[in-house]
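Please look through the structure below with the sequence beside it, and follow the paragraphs that come after it one step at a time.

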Amino acid sequence: MLTKLNHIAVVVPDLVAASENYKTRFNAEVSESKDLPDHGVTTIFVKLADSTIELLHPLGEDSPVAKFLKNNPRGGIHHLCYEVDDIGAAIDKLVGEGAKVLGGGAPKIGAHGKPVVFLDPRDFTGVLIELEQH
Ligand code: CO
C-alpha cells in the first residue's frame, strides 16, 4: 500500500529561525513560507533529493499543532507522510480493519495539492501518520 516516504514534518517554535538553520548549517534548499488555513499551519519545505522536511508552525486559534508546541516548546518531529496510490482504497482497508482516520475520515487537500488523511497515532505505535495520494 505504501510507496514512498513523502515527508517528515517537524513543528518549530520559529519558522524563520528554523529555515535559516537548515540553509546556513546544511546548505539546504528551502521554500518560502506558505499559510495553509485549512490545516491550521504555516509551512516551509526543506527540499532533499528524494524527500522533503516540512517545517510547521501553528496558524490561527484552532491549530492542530499548537498543543504539540505547547508540550514540546523547542519543537520536535510531528508526523511521517507516506505516499499511497489510492487513498480511498487505503482508507477503506484501514477502517475495515478497525484503524481510525482522524478528522471524520474524508481526505482533505494537503500542502502539496494532493488528497491526504491522518491516522490515529494510537494505531501506529504513537506515530502520527499522514497518507498522501500520488
Ligand atoms: Co504533512
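In this predicted model, a search of the whole structure finds four salt bridges, and three of them can be followed here one by one. One of them joins the side chains of glutamate 20 and lysine 23, with 3.2 Å from N to O. Both of these residues belong to helix α1, which covers residues 15-26, and they stand three residues apart, about one turn of the helix. Glutamate 20 is partly exposed, because its relative accessibility is 34% and the partly exposed class runs between 20% and 50%; lysine 23, at 36%, counts as partly exposed too.

Another salt bridge brings together the side chains of lysine 47 and glutamate 29, at 3.6 Å from N to O. This pair links distant parts of the chain, since lysine 47 sits in strand β4 (residues 41-47) while glutamate 29 sits in strand β2 (residues 29-30), 18 residues apart. Lysine 47 has a relative accessible area of 41% and is partly exposed. A further salt bridge is formed by glutamate 97 with lysine 93, where the closest N and O atoms are 2.8 Å apart. Here glutamate 97 is exposed, with a relative accessible area of 55%, whereas lysine 93, at 43% relative accessibility, counts as partly exposed.

We can now turn to the metal site. Which residues are the protein donors of the cobalt ion? They are His7 and His79, each through NE2, and Glu130 through OE, and they lie 2.0 to 2.2 Å from the ion. Along the sequence, the donor residues follow the spacing H-x71-H-x50-E. Histidine 79, in strand β6 (residues 76-84), and glutamate 130, in strand β9, form a pair that links distant parts of the chain, being 51 residues apart. Are these two donors buried or exposed? Histidine 79 has a relative accessible area of 4% and glutamate 130 one of 5%, so both are buried, a word that applies under 20%.

The last stop is the largest nonpolar core, which is made up of eleven residues, among them Val84, Ile87, Leu94, Val117 and Leu131. At least two residues of this core come from each of α3 (87-96), β8 (115-119) and β9 (129-133), and α3 gives the most, with four residues. Valine 84, one of the core residues, is in contact with Met1, Leu2, Thr3, Leu131, Glu132, Gln133 and His134, when its neighbours within four places in sequence are left aside.

Note on methods
Residues numbered from 1 in each chain as written. Predicted model: local features only at pLDDT ≥ 70, side-chain atom pairs only at ≥ 80, totals over all residues. Heavy atoms only, no water. Core = buried A, V, L, I, M, F, W, Y, C linked by side-chain atoms within 4.5 Å. Buried < 20%, exposed > 50% of the residue type's maximum accessible area, 1.4 Å probe, protein only. Contact = heavy atoms within 4.5 Å. Donors = N, O, S within 2.8 Å, 3.2 Å for Na, K, Ca; no water.
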